[in-house]
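Me: I'd like a close look at one part here: the second largest pocket. Keep it casual, but spell out the cut-offs.

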Amino acid sequence: MSWFHIEDFRSRFPDVDASCDRLFIVDGNRATCSGGAGAADLAAHLVSGVIGEQSAAKASRILLLDRVRDADAVQPNLELFPEAKTLSVRRALLVMESNLQEPLAIVDVARSVGVSTRQLDRDFASQLGTSPARAYLKLRISLATRLLSSGKNPVGEVAFQSGFANAGHFSRVFRKMTGLSPTEASRRSPAL
């Protein structure tokens with residue numbers, strides 16, 4: 001699933017285990033992809049399995065793709081953290097973005113990307129100048145800001161969707177991070 005649509009998909013289909021930390025997944029005789037160029041990567045993977053890697057590479061060159069990415073390649077969504085360079089940090093950010101409503105413990109994020117918590121802390125500090133927990137909070141506040149800017153969501157619902165236990169705690173954290181109360185943010189234009 002594309003990172004851009006994962007939250008909407010999860011709200012409509014809560015019983016489906018959706019992920020946005022890979023470009024595509026092949027599970028038995030079924031395959032899904034994140035869309036866009038991910039569809040070309042999935043097609044190349046399927047072509048490679050049937051008629052060989054050279055044919056898949058040739059087809060990719062015809063489509064003007066610079067390379068064929070495998071299923072483990074990370075989807076390119078790093079709007080808040082464009083300085084993220086390593087696969088572990090990029091994948092950790094995507095895991096976080098995939099779990100905004102029910103935030104994971106940082107140890108679980110680290111485990112899901114195959115590194116120790118200590119290594120993830122070092123990588124985030126060196127690449128992003130922040131901790132994984134602080135980056136996670138920034139992602140959650142970014143989601144809350146988008147939800148509030150529509151003007152359609154009550155503060156309590158925004159708090160819930162962005163992973164806060166209650167509206168009071170959410171309001172305090174939101175004001176500290178943005179300088180605005182959630183109510184003030186909801187009155188602003190979408191360009192917030």
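Reply: Of the chain's 192 residues, 36% count as buried (under 20% relative accessible area with a 1.4 Å probe, protein chains only; exposed is over 50%, partly exposed in between). Bear in mind that this is a predicted model, where local features need pLDDT of at least 70 and side-chain atom pairs 80 or more, while totals for chains, interfaces and linings use all residues. Numbering starts from 1 along each chain as its sequence is written, and side-chain values use heavy atoms, with hydrogens and water left out.

For orientation, the chain has ten helices and two strands (DSSP runs numbered from the N terminus: H or I of at least four residues, E of at least two). Along the sequence they come as α-β-β-α-α-α-α-α-α-α-α-α, and both strands turn up in your pocket.

The second largest pocket holds about 500 Å³ of space (an open set of 1 Å grid points where a 1.4 Å probe fits, with protein on both sides within 12 Å along at least five of seven lines; the volume is what probe spheres on those points fill). Its lining runs to 23 residues, and Asp17, Ala18, Ser19, Ile25 and Thr32 are the closest to the centre (lining means an atom within 4 Å of a point). Strand 1 (24–27) and strand 2 (30–33) are the elements that give two or more residues to this lining. Strand 2 has the largest share, with four residues.

As for chemistry, the lining splits into ten nonpolar, seven polar and six charged residues (Ala, Val, Leu, Ile, Met, Phe, Trp, Tyr, Cys and Pro are nonpolar; Asp, Glu, Lys and Arg charged; the others, Gly among them, polar).
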